[in-house]
Every structure is written in structure tokens, then in C-alpha cells.
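Me: I would like to learn how to read a few features of a protein model. Could we start with how exposure is put into words?

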Amino acid sequence: MANKDLIIKPKRAKGDDGYRTFSIRIKEEIVSKLDNISTRTGYSRNELIGVFLEYAIENCRIEEK
């Protein structure tokens, strides 16, 4: 007879996948633009925000006073 044990492995702790979840507050106009881009490209709003943030961080320049 085959072994019918159900094997359950420990669940990874939140944040173990390299991602963090947090809330942001943005204008309705920006949400609308994100939704429009999402519809046109097939990317989720979350994926787009990640792409846009990564681009902004890599292309950010801080001017010293």
C-alpha cells in the first residue's frame, strides 16, 4: 500500500520572498493613470508601481544646497 501521509512544510515567514507590503496614499488622478496603463499593457497596478519606483530610484539625482 502506498504511503498516504500528508506532508506539510513550514510556511516561509512574511518578507522572506524579498518583498514588503505597505500602504501609500496617492491622488485619484495618479490611480486613474496607473489603471489606464495597466489596462493597455496587461501589467497589474502593483507591477507597474514596482517598475516605476525602480526606475525613479535608479535615475534619481540629489542636488546639494
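Reply: Relative accessible area is sorted into three classes: buried is under 20%, exposed is over 50%, and partly exposed is in between, using a 1.4 Å probe and protein chains only. Here R45 has 39% relative accessibility, so R45 counts as partly exposed. This is a predicted model, where local features need pLDDT of at least 70, side-chain atom pairs count only at pLDDT 80 or more, and totals for chains, interfaces and linings use all residues. Residues are numbered from 1 along each chain as its sequence is written, and side-chain values use heavy atoms, with hydrogens and water left out.

Me: What is a salt bridge, and how many does a search of the whole structure find?

Reply: A salt bridge is a side-chain nitrogen of Lys or Arg within 4 Å of a carboxyl oxygen of Asp or Glu. The search finds three. One of them joins the side chains of D35 and R45, at 2.8 Å from N to O. That pair links distant parts of the chain, with D35 in helix α1 and R45 in helix α2, 10 residues apart. Helices here are DSSP runs (H or I, at least four residues), and strands (E, at least two) likewise, numbered from the N terminus.

Me: Which class does D35 fall into, exposed or partly exposed?

Reply: With a relative accessible area of 30%, D35 is partly exposed.

Me: Where do E29 and K33 sit relative to each other?

Reply: E29 and K33 are four residues apart in helix α1, so about one helical turn separates them. Their side chains meet in a salt bridge of 3.2 Å, N to O.
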